[in-house]
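Morning, everyone. Please look at the structure on the screen. I'll keep this short.

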Amino acid sequence: MGVTSITTSDEYTKVIGSSKLTVAIFTADWAEQCKQVVDVASDLAAKSEYADVQFLNVPAEDLSEISLKHQIEAVPTVIFFRTGSAVDRIDGVDIGAFTDKCAKLAGVAASDKGKLEERLRSLINRHPVMIFMKGDRNTPRCGFSKQLIAIMNETGNSYDTFDILTDEDVRQGLKTFSDWPTYPQVYVKGELIGGLDIIKELLASGELKTTLSG
């Protein structure tokens, strides 16, 4: 079903009045963080477990009366509704809280932690040099990932990539598993090396090729 873009106050009022769980994401085009939340919402909306959940993209500035009513002071802000009543809320960007609340309110069973960690280890060891990023080696979907791939290609080292935007369990689980909150993440022989900044430092010091060779 995807994320529905709301254009009028009447449309908004009608949709949130539904008996279905409605997740209203108040956004602004100029705020990059909003796109991040909407992308995650799109991923969830594509899953069968969320078939009965309505995800909305609400332009906070265009629908200023609604924003004022809900005391939207910053974007993104997410409000969860049932039959027109707010049942929960997230102010600012907190992807972990967003996915957790969506799952809890939609009655979706949480992923088994043990199975997820087993899967993460398997992915990390899929190739001697493994990169977890937004997009893949052919189509990076953020500036940081694009810079990293350019550096990796210049080294000539073999590597594999995993698109975290295709799997929310991996995207969130790896942050906890690796104790590293951002992407991209580079692993060599199952060990976390770091993100783009660390790779740049290793490149500048001349140690990158040696590090990637393990």
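I'll go through a sheet, a helix across it, a helix pair and a hairpin. One caution before that: this is a predicted model.

Let's start with the sheet. It is open and has five strands. Their order is S1-S3-S2-S4-S5, and the pairing is mixed. So which strands stand at the edges? They are S1, residues 3-5, and S5, residues 85-91. Each has a single partner strand, so one side of each is left without a neighbour in the sheet. The sheet also has a turn from strand to strand. On average, neighbouring strands are turned by 25° against each other, direction ignored.

Now look at one pair in that sheet. S4 covers residues 77-82 and pairs with S5. The sense is antiparallel, and there are six bridges. If you want a place to look, find Ile 79: it stands opposite Arg 89 in S5. Keep one rule in mind as you follow a strand. In a regular strand, side chains alternate between the two faces of the sheet.

Next, the helix across the sheet. Helix H2, residues 32-45, lies across S1, S2, S3 and S4. Here S2 is residues 21-27 and S3 is residues 53-59. H2 runs at about 155° to S2.

H2 also holds a salt bridge. The side chains of Lys 35 and Asp 39 meet there, at 3.0 Å from N to O. How far apart are these two in the helix? They are four residues apart in H2, and therefore separated by about one helical turn. Across the whole structure, a search finds five salt bridges.

On to the helix pair. H6 is residues 143-155, and H8 is residues 196-205. Their axes come within 10 Å and cross at roughly 30°. Angles under 35 degrees count as roughly parallel, so that is what we call H6 and H8. The crossing is left-handed. Which residues make the contact? From H6, we have Phe 144, Gln 147, Leu 148 and Ile 151. From H8, we have Leu 196, Ile 199, Lys 200 and Leu 203. Sort them by class, and you get six nonpolar, one polar and one charged.

Last stop: the hairpin. S8 is residues 185-188, and S9 is residues 191-194. They run antiparallel, joined by three bridges. Val 186 has Gly 194 in S9 as its bridge partner. Two residues lie between the strands. Look at Lys 189 in this hairpin: its phi is positive, near 50°.

That's my tour. Questions, please.

Technical notes:
Residues are numbered from 1 along each chain as its sequence is written. This is a predicted model: local features need pLDDT of at least 70, side-chain atom pairs count only at pLDDT 80 or more; totals for chains, interfaces and linings use all residues. Side-chain values use heavy atoms; hydrogens and water are left out. Two strands pair if DSSP finds at least two bridges between them. Axes are lines fitted to C-alpha atoms, for helices over the stretch in contact, and angles run from 0 to 180 degrees between N-to-C directions. Contact means heavy atoms within 4.5 Å. Angles under 35 degrees count as roughly parallel, over 145 as roughly antiparallel, 65 to 115 as roughly perpendicular and the rest as oblique. A crossing is left-handed if the near helix is turned anticlockwise from the far one by less than a right angle, and right-handed if clockwise. Ala, Val, Leu, Ile, Met, Phe, Trp, Tyr, Cys and Pro count as nonpolar, Asp, Glu, Lys and Arg as charged, and the others, Gly among them, as polar. A salt bridge is a side-chain nitrogen of Lys or Arg within 4 Å of a carboxyl oxygen of Asp or Glu.
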